[in-house]
Amino acid sequence: MEYLGIDLSCAVGSLRHGQLPEKDCLLPLISKLLGYAIVAASTTVKLPQIMKILKHQSVRGLSMISFELEVIGYTIALAYCLHKGLPFSAYGELLFLLIQALVLVAIIYYYSRPLHAITWIRALLYCAVAPTVLAGQIDPLLFEALYASQHAIFLFARIPQIWQNFSNKSTGELSFITSFMNFGGSMVRVFTTIQENAPKSVLLAMQLVSQQILPS
């Protein structure tokens with residue numbers, strides 16, 4: 001009995017005999033359910049941030065480079081998980097986070113007009129390279145190096161925003177709800193990634209992918 005990669009036979013069999021499922025049966029089941037819950041929740045994670053910008057028609061206090069680096073990190077992480085053939089429940093949120101991050105960057109660009117030439121160059125460079133990376137059509141050694149670098153990308157993506165908050169003595173239009181949802185998701189994702197027996201590098205990535213500095 002299997003639905004969406006979730007094996008229910010063990011748990012159902014135990015319950016039919018009036019027994020609680022064993023730990024080895026229950027943990028993978030909980031992991032899968034939590035994994036899909038994270039994927040479902042990820043479809044709305046960045047909506048509070050997007051709605052806050054649209055409501056105030058302002059990107060005050062937001063660091064453009066932070067959100068751009070976030071898009072790059074999501075792209076690399078998603079490409080690597082696809083390349084490794086991990087189950088969708090282990091990384092599915094990356095797809096939805098990437099889509100929302102792209103929309104968010106586009107909105108930031110819109111409210112930051114006129115854009116500098118270097119900003120257009122960065123955007124065009126991403127559009128040219130991202131499809132190749134997502135398709136996994138790069139040298140395996142380069143792919144591993146690129147994946148290793150995305151840990152640093154997510155880490156350094158936080159620094160410009162932290163500095164922006166510190167300089168302005170305010171979080172501006174940074175959404176607390178979006179930041180909190182990212183933080184909570186990262187905690188749950190650590191457990192599910194371990195249960196999926198993903199490589200340690202993927203575990204570290206999942207922690208960095210969802211981690212945000214909560215606005216104060």
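## Close-up views of the predicted model

**View 1. The loop at Pro114.** Pro114 sits in the loop that joins α5 (88-111) and α6. This is a predicted model, so what you see here and in every other view is a prediction. What is the geometry of the peptide bond from Arg113 to Pro114? That bond is cis, with omega near 0°. Arg113 also has a ring for company: the residue lies over the face of Tyr110, 4.0 Å from the ring centre. On the far side of the loop, helix α6 (residues 117-134) has the highest confidence in the protein, at a mean of 96.

**View 2. Aromatic pairs, starting with a stacked one.** The structure holds five aromatic pairs. In the pair of Tyr80 and Tyr147, the ring centres are 3.5 Å apart and the planes meet at 15°, so these two are stacked. Tyr80 belongs to helix α4 (residues 64-84) and Tyr147 to helix α7, so the pair ties together parts that are 67 residues apart in sequence. Are Tyr80 and Tyr147 buried or exposed? Both tyrosines are buried. Phe143 joins in as well, since ring pairs link Tyr80, Phe143 and Tyr147 into a cluster. Phe143 is itself one of the buried residues of α7.

**View 3. Two tyrosines, edge to face.** Here the partners are Tyr110 and Tyr111, an aromatic pair with centres 5.0 Å apart and 90° between the planes, which makes the pair edge-to-face. A relative accessibility of 46% puts Tyr110 in the partly exposed class. Tyr111 is partly exposed too, with a relative accessible area of 26%. Keep Arg113 in the picture here, as Arg113 is the residue lying over the face of Tyr110.

**View 4. Helix α7 from end to end.** Helix α7 covers residues 140-168, 29 residues in total. From first C-alpha to last the helix reaches 43 Å, close to the 42 Å expected at 1.5 Å a residue. What happens at the start of α7? A side-chain oxygen of Asp139 comes to within 3.0 Å of the backbone nitrogen of Leu141. After the helix comes Lys169, with a positive phi near 55°.

To follow the buried residues along α7, begin with Phe143, Tyr147, Gln150 and His151, which are among them. Further along, the buried set also includes Ile153, Phe154, Ala157, Arg158, Gln161 and Asn165. When reading that list, it helps to recall that an α-helix has 3.6 residues a turn, so residues three or four places apart point the same way.

**View 5. Ser42 in helix α2.** Ser42 is found in helix α2 (residues 23-42). With just 3% relative accessibility, Ser42 counts as buried. Which residues does Ser42 touch, leaving aside those up to four places away in sequence? The partners are Glu93, Phe96, Leu97 and Gln100.

**View 6. Ile65 and its contacts.** Ile65 is a residue of helix α4. Its relative accessible area is 34%, so Ile65 is partly exposed. Beyond four places in sequence, Ile65 touches Arg122 and Pro160. Thr119 is worth picking out as well: the C-alpha atoms of Ile65 and Thr119 are separated by 9.2 Å, while the two residues are 54 apart along the chain.

**View 7. Gln57, a non-glycine with positive phi.** Gln57 lies in the loop between α3 (47-56) and α4. This residue is not a glycine, yet its phi is positive, at about 50°. The relative accessible area of Gln57 is 56%, so this residue is exposed.

**View 8. The whole chain, with confidence in mind.** The protein has nine helices and two strands, and from the N terminus the elements run β-β-α-α-α-α-α-α-α-α-α. Of its 216 residues, 43% count as buried. Among contacts between residues at least 6 apart in sequence, 81% join residues at least 24 apart.

How far to trust the picture varies along the chain. The average pLDDT is 78, and 67% of the residues score at least 70. Strand β1 (residues 2-3) has the lowest confidence, at a mean of 50. Over residues 210-216, pLDDT stays under 50, although the model has 23 contacts beyond four places in sequence for this stretch. Where pLDDT is low, the predicted coordinates should not be read in detail.

Definitions and conventions:
Residues are numbered from 1 along each chain as its sequence is written. This is a predicted model: local features need pLDDT of at least 70, side-chain atom pairs count only at pLDDT 80 or more; totals for chains, interfaces and linings use all residues. Side-chain values use heavy atoms; hydrogens and water are left out. Helices (H or I, at least four residues) and strands (E, at least two) are DSSP runs, numbered from the N terminus. Buried means under 20% relative accessible area, exposed over 50%, partly exposed in between (1.4 Å probe, protein chains only). Contact means heavy atoms within 4.5 Å. The expected span of a helix is 1.5 Å times one less than its number of residues. A polar contact is a pair of N or O atoms within 3.5 Å; within protein, one must be able to donate a hydrogen and the other to accept it, and residues adjacent in sequence count only if both atoms are side-chain atoms. Rings of Phe, Tyr and Trp (its six-membered ring) pair if their centres lie within 6.5 Å; planes under 30 degrees apart count as stacked, over 60 as edge-to-face and the rest as tilted. A charge sits over a ring if NZ of Lys or CZ of Arg is within 6 Å of the ring centre and within 35 degrees of the ring normal. pLDDT is the predictor's confidence in each residue, from 0 to 100.
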